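Trainee: I have a model open and would like to understand the words people use for it. Could you walk me through them?

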Amino acid sequence: MTVVDPAKPNMSVTAVQIGKVRGGPPLSKVLRRDRWWIQPALIVTGLTLFAIYATWAAFRNGHYYAGSLGRDYLSPFYSPCLAHICSTKGGYSGWGPILGSWWAISPALLILIFPLGFRMTCYYYRKSYYRSFWLSPPACAVPDAGSAKPNGRRKRYTGETRFPLLIQNIHRYFWYAAVAFAGILTWDAIAAFRFGNSIGMGLGTLIFVINAALIWAYTLGCHSCRHLCGGGTNRLSEHASRYWIWKNIASKLNEKHQLFAWLSLVWIAFTDFYIYMLTSGIIHHDPRFF
Amino acid sequence: MSTETATVAGQRTLKMRLWRGDESGGDFATYEIPAQEGEVVLDVVHRIQAEEAPDLAVRWNCKAGKCGSCSAEINGRPALMCMTRMSTLNIDEPITVSPMRGFPIIRDLVTDVSFNYAVARRIPAFQPPKLAEGEVFRMQQVDVDRSQEFRKCIECFLCQNVCHVIRDHEDNKESFAGPRFFARLAELEMHPLDTLDRRRLSSEQFGLGLCNITKCCTEVCPEGIHITDNAIIPLKERVVDARFDPVAWLGRKITGKPDPTPAAVAASFAPETLEQQQAARALGKVGSHPQTSGA
Ligand code: SF4
Ligand code: SF4
Ligand code: FES
Ligand code: FES
C-alpha cells in the first residue's frame with residue numbers, strides 16, 4: 001500500500017483514465033488457439049436437454065407414482081405428494097393429498113418453482129448460463145457478445161446491479177426452501193424401503209438413495225450455505241461448531257459444487273424417468289435385492 | 001505433445017509473433033529463432049531482444065513468477081511470460097505474444113497499469129481497534145487463514161486484465177474495482193481485527209454487483225487464488241446481509257446491531273482521502289463494524 005505522509009495528504013492520486021489506446025489487435029480478434037467454444041457448447045446442450053426433459057416431465061401429470069406396483073416410489077418432480085395419484089404413499093399418511101381431485105394442473109408445476117428458482121439463482125448455474133447463453137463472456141479473453149462491434153447490441157453492461165438480475169440476491173431464500181426439499185427427498189428415499197408391510201430394497205430404492213445423497217451434496221455445498229453456516233463471521237475461532245461445519249462440510253462440498261450441480265441434475269431426471277418407465281410398462285419389473 | 005517437442009527442440013525453429021507498437025498503432029512482427037531446451041516464453045523474448053530486436057520493450061523483474069511484471073497474453077491467454085514453459089505450447093504453429101489488452105499501451109509488450117493503483121488508493125486501509133494501555137493485538141490462525149490466501153497476490157493484474165466487465169466495457173473502469181481489489185476488500189472485510197464495515201462501499205462504489213461470477217479471474221491467476229469462490233462470492237453474500245436481506249435487517253433491529261456503514265463514510269477512510277479519514281476519526285466513526293464493534 002502507498003505510504004502517505006499525514007502532513008501532506010496524498011496529492012498524486014493517479015486518476016482513472018478512460019478510453020486510452022490499448023495495445024495488441026482489437027479485442028474482437030480472438031487470439032486463443034484452443035477450442036474454447038467446447039465448454040459453452042456442452043453447457044448449452046446439457047441445460048437445453050434438461051429443460052426439454054423437465055418440461056415434458058412436469059406436464060406429464062401421471063406415471064409418477066409406483067404405488068400400484070407395490071413400490072412406494074414417488075418421482076422427485078412430484079414430491080411432496082400433492083395429488084390423489086400418490087395418496088397411498090405411506091410416508092405421507094397423515095398429511096395426504098393437499099389438492100382435491102378437481103385439481104387439473106400438474107402438481108409438478110407448483111413444486112418445481114422451488115428447485116428451479118434455487119438452480120436459476122445458484123452461483124454456479126449463473127456462471128454457466130451467463131457464459132454459455134448470454135455469451136458474457138463466452139470464454140475468458142473472448143469478447144462479450146456485442147461488445148466487440150462498435151455498434152454492439154449491448155451498449156452498456158450492468159451485470160447484476162439492476163432488475164431483473166438484482167433478484168439473484170435472494171438466492172439464500174431458495175436455499176432455505178432447498179433444505180426443506182432435500183429433507184423431503186430424503187424421506188422419499190427412506191419410504192422407498194417400504195415394500196407393502198415389510199422392509200425391502202429394490203433398484204428403485206438405490207436410485208432414490210443416490211438421488212437424496214446428491215441433492216444434499218449439492219445443497220450443502222451452496223455458497224449461501226457456506227456463508228450462513230460460518231463464512232459470514234470474522235471470528236470463526238469463537239464458534240467451534242460453526243467453524244467445523246464451515247470447514248469440513250460446506251467448504252469441502254463447495255469445491256465440488258459444479259460437479260454436484262450436474263450430477264444431481266442428471267440423476268433427478270433419471271430418477272423421474274425410471275419411475276415413468278416402471279409405471280408406464282416400458283420396463284415390467286423393478287429388481288428386488290432383498 | 002510436450003515431451004516430443006522438448007526432445008527435438010534443439011533442431012526446431014520457433015516462430016514468434018510479438019506485438020510491436022505504441023498508442024499510434026502497431027502490428028505483430030514475426031521472429032524466427034532456434035528453439036532451446038527448457039525455456040520459458042520470457043527467455044525466448046529476451047533472446048529475440050538480444051539478437052534481433054534491441055528496441056523491443058518488455059517488462060520483467062524476477063523471472064520467478066513473484067514480481068508480477070511480465071504479464072502478457074500468450075496465444076491469446078493471459079499469463080506470466082516467465083511462468084509459461086515453451087514445452088506447453090505447440091511450436092508447430094507461430095506463437096503470439098501480445099500485451100495485456102485490457103490496459104492502455106505504452107510500447108510493445110508494456111502496458112500502463114496505473115488504473116489499478118488508482119483503485120488501490122480508494123480502498124480504505126486496515127482500521128485497527130482502539131487498544132487499552134498494555135493491550136496487544138491477538139488473532140487466531142483460523143481467523144486469518146482466509147485473508148492469507150489473498151496475501152499471495154503478486155499484483156500481476158492478469159485478473160484485472162481478463163475481467164470482461166472492464167476489458168469489454170471500458171466505461172465501467174469508473175465504477176468497478178476489479179477482482180484483485182475485491183480480494184483486497186474481502187481480506188479486510190474478513191479480518192478479525194478490522195473495525196470498518198466495507199460492505200456497502202464494495203457494492204455501491206466498487207461495483208461488486210457488476211461481477212457476474214464467470215470466474216475468468218480465477219482461471220488466470222498465477223498464484224492460484226480462488227478469487228471468485230473465496231473472495232467475491234463471500235463478499236457478495238455479505239453485501240446481501242447489508243443491503244438485500246430483510247431477515248438480516250430485522251435481526252439488526254431486534255438485536256440492536258448497528259446499521260451497515262454507508263458507502264460514503266467507509267470511503268472516507270481511503271488513503272486517498274487522508275484528511276477526511278482524520279476527520280472521521282475525530283467524529284468517532286471508527287469502530288462501527290457490526291461484528292467487531294463490541295470487542
Ligand atoms: S468472476 Fe467477476 S471479477 Fe472475476 S473475471 Fe469474472 S466478472 Fe470479473
Ligand atoms: S489476484 Fe492473482 S491474477 Fe490477480 S493480481 Fe493477484 S496474483 Fe495476479
Ligand atoms: S451457489 Fe449453487 S446452490 Fe447456492
Ligand atoms: S518476471 Fe517476475 S513474475 Fe515474471
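Trainee: What makes the contact between the side chains of Glu223(B) and Lys66(B) a salt bridge?

Mentor: A salt bridge is a side-chain nitrogen of Lys or Arg within 4 Å of a carboxyl oxygen of Asp or Glu. For Glu223(B) and Lys66(B) the N to O distance is 2.6 Å, so the pair fits that rule. Before we go on, this is a predicted model, where local features need pLDDT of at least 70, side-chain atom pairs count only at pLDDT 80 or more, and totals for chains, interfaces and linings use all residues. Residues are numbered from 1 along each chain as its sequence is written, chains are lettered from A and ligands numbered from 1 in the order in which they are written, and side-chain values use heavy atoms, with hydrogens and water left out.

Trainee: Why is Glu223(B) called buried?

Mentor: Buried means under 20% relative accessible area, exposed over 50%, and partly exposed in between (1.4 Å probe, protein chains only). Glu223(B) has 17%, so it counts as buried. Its partner Lys66(B) has 53%, so Lys66(B) is exposed.

Trainee: And what about Asp272(A) and Arg60(A), buried or exposed?

Mentor: Asp272(A) has 0% relative accessibility and is therefore buried. Arg60(A), at 15%, is buried because that value also falls under the cut-off. Their side chains meet in a salt bridge, 3.0 Å from N to O. The two sit 212 residues apart, Asp272(A) in helix H9 and Arg60(A) in helix H1 of chain A; helices here are DSSP runs (H or I, at least four residues), numbered from the N terminus.

Trainee: Why are Glu204(B) and Arg200(B) called partly exposed?

Mentor: Glu204(B) has a relative accessible area of 34% and Arg200(B) has 28%, so both values fall in the range between buried and exposed. This pair also forms a salt bridge, with the closest N and O atoms 2.6 Å apart. Glu204(B) and Arg200(B) both lie in helix H8 of chain B, 4 residues apart, about one turn of the helix.

Trainee: Which salt bridge has Lys20(A) as a member?

Mentor: Lys20(A) pairs with Asp112(B), at 3.6 Å from N to O, so the distance meets the cut-off. Between chain A and chain B the count is 10 salt bridges, and over all chains it comes to 36.

Trainee: How much area is buried between chain A and chain B?

Mentor: About 6500 Å², with carbon and sulfur atoms giving 53% of it. Buried area is the accessible area (1.4 Å probe) that two parts lose on being put together, summed over both.
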